[in-house]
Structures are given as structure tokens and as C-alpha cells.
Amino acid sequence: MFGNLVRNRFNFATPSSLAVSRWFHLGTIDAAARKGTREKARKSKVKKVIEKTGFIRHDMRNKDKLNLNLTNKHIDDSWKQSPIDNCWVSKYYKWKVYTVAEAVQCHRETHHPTVYNLPNAPLQAHVELNMQAEKITRFVDNFQRMVAIPHQFEHGENRNIIVFAKGQDILKEASKSGATLVGGIELIKEIQNGDLQLSEYPFVLAHPNILPDLVVIRGLLKKNKFPNPKNGTLGVNLAEMIERYSHGIQYSAEKDEYQKDFGSIVATIGTLQMDSAKLEENLSTLLKDIATMRPKREGKFITRVLLKSPPSGESLKINPFLYVPEEGKASNKKGPSDEADEYDRDDEKEIAAAGAN
């Protein structure tokens with residue numbers, strides 16, 4: 001009897017019923033497997049685009065991914081004690097402050113014929129700035145200026161100057177003042193035709209009476225070369241402008257790449273064979289011109305000044321506040337950064353106004 005029951009049991013499970021049962025249990029698994037297979041096939045058909053890049057120096061690779069522990073470049077040693085003898089560890093004591101005459105004499109000793117043998121080496125002023133603007137989230141923009149100095153020296157730079165103006169008397173005066181090339185509308189046409197290369201002339205000056213005609217070559221001159229009263233390349237006193245750009249000190253202030261509130265200027269103020277008093281006057285003129293770019297906020301703008309003379313690495317600190325005010329005052333007036341933005345926005349109006357005059 002037991003055998004009959006077992007047979008009846010197996011006879012009930014027909015092949016068709018077993019197939020249905022198997023499909024019911026394995027159908028969802030097969031569907032998921034097929035879906036995954038289709039997705040893999042679909043992804044394999046997508047072409048991977050490999051972006052080709054040019055050669056990158058080893059020290060520039062993954063530059064944005066570096067987690068740099070940067071130190072504050074504004075050095076304040078006012079809290080340190082002053083040295084009491086001629087030998088001290090600079091890490092724990094204040095930097096010695098020299099007068100300009102003492103610093104020049106120290107550099108003359110290191111550049112003596114028995115040492116570096118460069119008695120007429122250039123003397124450089126390294127000026128450190130606090131580029132913080134009126135608002136804490138803004139900084140003074142990089143700027144480039146040319147300042148006239150009382151005592152000229154051989155700077156060894158290309159100072160070719162081209163002057164645009166109308167009127168023979170004005171052109172003769174510009175030529176006598178030392179301009180490399182002067183001209184009017186004919187000179188503008190030569191530039192348009194490609195007969196004259198502006199790359200040979202780093203400085204472009206102009207009289208307001210030719211400004212409307214000069215606009216046609218504005219694209220060739222580029223924005224930094226186009227005459228503008230803001231940077232002193234457009235005006236009626238061409239002799240003074242030519243003198244400043246021929247023999248003045250050209251300098252530029254640049255923000256640090258990582259620390260935006262730190263800026264620096266490197267400018268040559270003369271040579272070591274010049275009289276110390278003349279070098280000091282040139283330095284004073286330079287610092288006063290830099291101070292005109294001070295933002296309208298409290299605190300220091302010029303933070304530190306060092307005198308250097310390559311190839312020597314010796315840095316001698318001087319007190320810049322003998323020549324310019326140390327602290328600024330907060331004001332509601334617009335600072336240099338705001339004025340620069342306005343010049344950029346209203347450049348066309350400014351050119352039209354200058355041309356009308």
C-alpha cells in the first residue's frame with residue numbers, strides 16, 4: 001500500500017507541472033541576470049574618450065591636488081627681543097634695521113674687487129605689501145607703474161618710445177625730448193598696413209588731439225599699451241611724460257599665488273657707485289609712489305623693505321616709514337581696486353572725453 005501511495009505521488013508531478021514550478025522560482029533570477037548582461041554589453045559599446053594633454057613639468061603635475069601647509073609670508077618680528085651684541089641667532093631676535101647709507105656701504109664691501117668684483121652692481125628694493133583691500137574678501141589688484149626719479153642711472157632696458165600727436169610743433173618738441181619715433185595720422189596708417197611693428201616699442205604715448213584717430217589701431221596696441229591718462233601715457237605735457245618713461249623706475253606689484261593678501265615689488269633704484277644720498281632720494285620717491293596705491297583701510301600697506309644687490313643674497317632691512325606714513329585710515333571713499341574696476345567699465349567714455357578735450 002505504501003508503494004502505491006509513492007507511485008501516485010510521482011504520477012501527479014507531471015513534466016509540465018515541474019517546468020512551471022521551476023519557472024516560478026527561477027524567473028526573477030534569470031531576469032536580473034539578463035538585465036545585468038545587457039547593461040554590461042551597453043557599457044562596452046560606449047567609446048571612452050581619452051583627453052590628450054601637452055607636456056607637464058614634474059613639479060607642476062597634480063599641483064591643484066597638493067595639500068600645502070603654507071606659512072604666513074607677512075613677517076612680524078616686533079615681539080622678539082633686540083640683540084645685545086654683534087652675534088645672535090636671527091630666528092630668536094629682531095632683524096637689524098639699517099639706514100640706507102649703512103646698507104649701501106655693506107653691499108659695496110661685498111661687491112669689492114676682492115670679493116664679487118662688481119663695484120657698479122644694481123641696488124634693488126624688495127618691497128612687501130599687504131594687499132588686503134577695503135573688504136576682507138577683496139584684494140588690491142596687481143598693478144604696474146612708472147615713476148620719475150630725481151637721479152637717473154643706466155637701467156639697461158629697452159625704453160623705445162613711440163609718440164602720436166598732431167601738429168609739427170608738438171612733434172618737434174616730443175622728438176627733442178627723447179622720443180624714439182614720433183608721428184601722426186601717417187604713422188597710424190603705416191601700422192595698419194603692417195609696415196611698422198609695434199613690438200619694438202614697449203611704451204606708447206599720445207597727445208589728446210589725436211586720440212579719436214588712434215582708436216582704429218586699438219586692437220593692435222592692446223589694452224595695456226593703449227594711451228590712457230590713468231597710467232600717464234596720455235596727456236598734453238609730452239616732454240614730462242617722455243622723461244618719466246625714458247629714465248624712470250618701472251615696477252609691478254604682484255599678489256602671491258596662494259596667499260592673496262601678500263604682494264611684492266622688486267625695483268632697481270640705482271647702482272652701488274652712485275652717492276648714497278641720491279640712492280636714498282630715489283628710494284623715497286619710489287616708496288611715495290607705491291603709497292599712492294594704498295587702499296582706504298586701516299593698517300599698513302607697505303610692511304617691509306629690504307635692500308639687495310645681486311648676485312649677493314644678503315638682505316638688509318631698512319625702515320620705510322621714514323619716508324611714508326606707517327598706518328592708513330579707513331574711509332568711505334573708493335580705493336584703487338574700485339577705481340580700477342570703474343576704469344575698465346567706463347574705458348570707452350574716458351577715451352571719448354579725452355578726445356573731445
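**Close-up 1. Surroundings of Asp289 in the predicted model.** Setting aside neighbours within four places in sequence, the residues in contact with Asp289 are Arg145, Val147 and Tyr251. Asp289 itself belongs to helix 9, which spans residues 276–291. With a relative accessible area of 13%, Asp289 counts as buried, because the cut-off for that class is under 20%.

**Close-up 2. Helix 9 and helix 3 against the strands.** Helix 9 lies across strand 2, strand 3, strand 7 (249–255), strand 8 (262–271), strand 9 and strand 10, and runs at about 150 degrees to strand 8. Helix 3, made up of residues 100–110, lies across strand 1, strand 2 (122–130), strand 9 and strand 10, with an angle of about 165 degrees to strand 10.

**Close-up 3. The open sheet and the pairing of strands 9 and 10.** Seven strands form an open sheet in the order 1-10-9-2-8-7-3, and their pairing is mixed. Strand 1 (97–98) and strand 3 (143–147) are the edge strands, each pairing on one side only. Strand 9 (residues 302–308) and strand 10 (residues 316–318) run antiparallel and are joined by 3 bridges, and Val305 stands opposite Ile318 in strand 10.

**Close-up 4. Ile217 in the loop between helix 6 and helix 7.** Ile217 is found in the loop that links helix 6 (211–214) to helix 7 (218–221), and Ile217 is buried, its relative accessible area being 0%. Apart from neighbours within four places in sequence, Ile217 is in contact with Phe164, Ile188, Ile191 and Gln192. The C-alpha atoms of Ile217 and Lys189 are separated by 9.0 Å, although these residues are 28 residues apart along the chain.

Terms used
Residues numbered from 1 in each chain as written. Predicted model: local features only at pLDDT ≥ 70, side-chain atom pairs only at ≥ 80, totals over all residues. Heavy atoms only, no water. Helix = DSSP H or I, 4+ residues; strand = E, 2+ residues; numbered from the N terminus. Buried < 20%, exposed > 50% of the residue type's maximum accessible area, 1.4 Å probe, protein only. Contact = heavy atoms within 4.5 Å. Pairing = 2+ DSSP bridges. Axes fitted to C-alpha atoms, helices over the stretch in contact; angles between N-to-C directions.
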